[in-house]
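Colleague: Please take me through the surroundings of the ligand, one contact at a time. I'd like to know what is there and how it links to the rest of the protein.

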Amino acid sequence: MGDVSWQNWSGHVRATPHAHVRPVDRDALSTVVAGSTGRIRMVGSGHSFTPLAATDDTLISLDRMEGTVLSCDADAATARLQAGASLNALSRALQDQGLAFKNLGDIDVQTLAGATATGTHGTGPGFSCLSAEMMEITLLLASGEFVVANAAQNTDLLHAARIALGSLGVIVDATMSVRESYRLHRRSFTQPLRDTLAGAMESWRAHRNFEFFCLPYCDHAFVIMHDETQAEPFGGKQDSDSNALMQLKQLRDLLGWAPPLRRAILNLVARREKPQEMIGSSWEMLANVRNNRFNEMEYHLPVDQGLDALQEVLAVIERQRRDVFFPIECRQTAGDDAWLSPFNGGPRISVAVHAWHEDSVDWFFDHVEPIFRRRGGRPHWGKMHSLQAAELRELYPDFERFTALRRELDPGGRFLNAHLAGLWGETLDDRA
Ligand SMILES: Cc1cc2nc3c(=O)[nH]c(=O)nc-3n(C[C@H](O)[C@H](O)[C@H](O)COP(=O)(O)OP(=O)(O)OC[C@H]3O[C@@H](n4cnc5c(N)ncnc54)[C@H](O)[C@@H]3O)c2cc1C
């Protein structure tokens, strides 16, 4: 024990918890909660861009808890999973049982608890975010009591705890709705941005998973689509995106002052890019390796606003910010009914902007967030945004129900930090 330094994946959030505790079982975990004073934050893989896990007090990781798939029922297509395990470890263990997650985001190194706590999503209007697949959740409350929430008992808690940013208690395990394991055919290619935008809604209808990236100062988009197949695997595993991103950075460094030349070169490179395809296990095809550190803002927009917002964002970057070189990502996710799900009430199109980890993120807030806000967007809970309780209350019909339940379960504010207190409209006093 003693003060330890902690930082998130991008290096933007830093903290010095008094203790970083890694209990090996439930008894040890409840001893930490009951035996500590002050505030508690949980951390998964630290891949959130906001200070959700930052604390000076006690930081808890569940990465040493035993097991991955704790039990499964292939007929019901459900599996009870260790919440502190990574999605990658869980995908491998599920595959050994002939099962798989229905969908995944861009990467799979997040923990199950961490990914679900912020509404982590992939793409495809037929797929909800991962949190919506939680059928049952076991939670350790501030009172020291373990509670189980499912459709038959503590139903309100299930709706609240699916996406709660670790502010209700510690999620220990979750029973997820899964499916039999499957293969995906992954295809990626570049095509004119104009055609990509014009065909996007149809591509979402026609393919299991469809997403695209567009580049500032370029008239082409990079498209990725996945379709289910029973054909034999080929093509190996995915490469990391490191080289391509470093080339984009070099081009920005050398030609940022000359947008027309930068555009001409980017268009030439995009036209020469060779299409790629491969077939493999669902989780190997869906998840990428991201070695280049960046910061990110992503908003989830009503479907009729998403593509217009994206074009507005591209235009403002090209008008105002020659330093931006990271691709902008566009995906679609189905609706669900978790109280704080950004997809509560219907499907949304997500638009994400990124900045190299050493570059400024002020343009996210100055130029991009106002566009997302004007068009009815809701922020990704794990990515940068500036919203506080007053704005969030307007965006979430069940916001007050959530905050009332939170105060009831954690009257001492033990599962709060300054960031969370701002989100829920609470003040940090000396209660904890
Ligand atoms: C390179 C990269 C790619 C990404 N790709 C995607 C993507 O494709 N789609 C997407 O939606 N998001 C994506 N994200 C965002 C990421 O999925 C979320 O921020 C996610 O929450 C990170 O999971 P984590 O395990 O790192 O959790 P952390 O960031 O460590 O924690 C997230 C939240 O979970 C809480 N928490 C952790 N463990 C527990 C627990 N046991 N009980 C209760 N609460 C807990 C924490 O307190 C915190 O509030 C990406 C992030 C990065 C850096």
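Modeller: Here is a walk around the ligand, and then outwards from one of its neighbours.

First, some ground rules: this is a predicted model, so local features need pLDDT of at least 70 and side-chain atom pairs count only at pLDDT 80 or more, while totals for chains, interfaces and linings use all residues. Residues are numbered from 1 along each chain as its sequence is written, and side-chain values use heavy atoms, with hydrogens and water left out.

There are 35 residues around the ligand, and Met 42, Gly 44, His 47, Ser 48 and Asp 106 come nearest (a residue is near if one of its heavy atoms lies within 4 Å). Sorted by class, that shell has 14 nonpolar, 16 polar and five charged residues. Here Ala, Val, Leu, Ile, Met, Phe, Trp, Tyr, Cys and Pro count as nonpolar, Asp, Glu, Lys and Arg as charged, and the others, Gly among them, as polar.

Now for the polar contacts (pairs of N or O atoms within 3.5 Å). A backbone N or O atom of Met 42 sits 2.6 Å from a ligand oxygen. His 121 has a polar backbone atom 2.8 Å from an oxygen of the ligand, and for Leu 165 a backbone N or O atom is 2.9 Å from a ligand oxygen. On its own the ligand has 980 Å² of accessible area, and the protein covers 98% of that (Shrake-Rupley method, 1.4 Å probe).

Which elements give two or more residues to the shell? They are strand 4 (40-43), helix 3 (112-117) and strand 11 (170-177); helices are DSSP runs of H or I with at least four residues, strands are runs of E with at least two, and both are numbered from the N terminus. Helix 3 gives the most, with four residues. The ligand lies between domain 1 (69-180) and domain 2 (183-379), because both give residues to its shell; the bounds come from an automatic or database domain assignment.

Back to Asp 106, one of the nearest residues. Its side chain meets that of Arg 331 in a salt bridge, 3.7 Å from N to O (a side-chain nitrogen of Lys or Arg within 4 Å of a carboxyl oxygen of Asp or Glu). Asp 106 is in the loop between strand 8 (99-100) and helix 3, and Arg 331 is in strand 18, so the pair ties together parts 225 residues apart in sequence.

Strand 18 (328-333) pairs antiparallel with strand 19 (348-356) over five bridges; pairing takes at least two DSSP bridges. Gln 332 stands opposite Ile 349 of strand 19. Both strands belong to an open, antiparallel sheet of eight, in the order 16-13-15-14-18-19-17-20. Strand 16 (276-281) and strand 20 (378-379) are at the edges with a single partner each, so one side of each has no neighbour in the sheet.

Conventions. A polar contact is a pair of N or O atoms within 3.5 Å; within protein, one must be able to donate a hydrogen and the other to accept it, and residues adjacent in sequence count only if both atoms are side-chain atoms.
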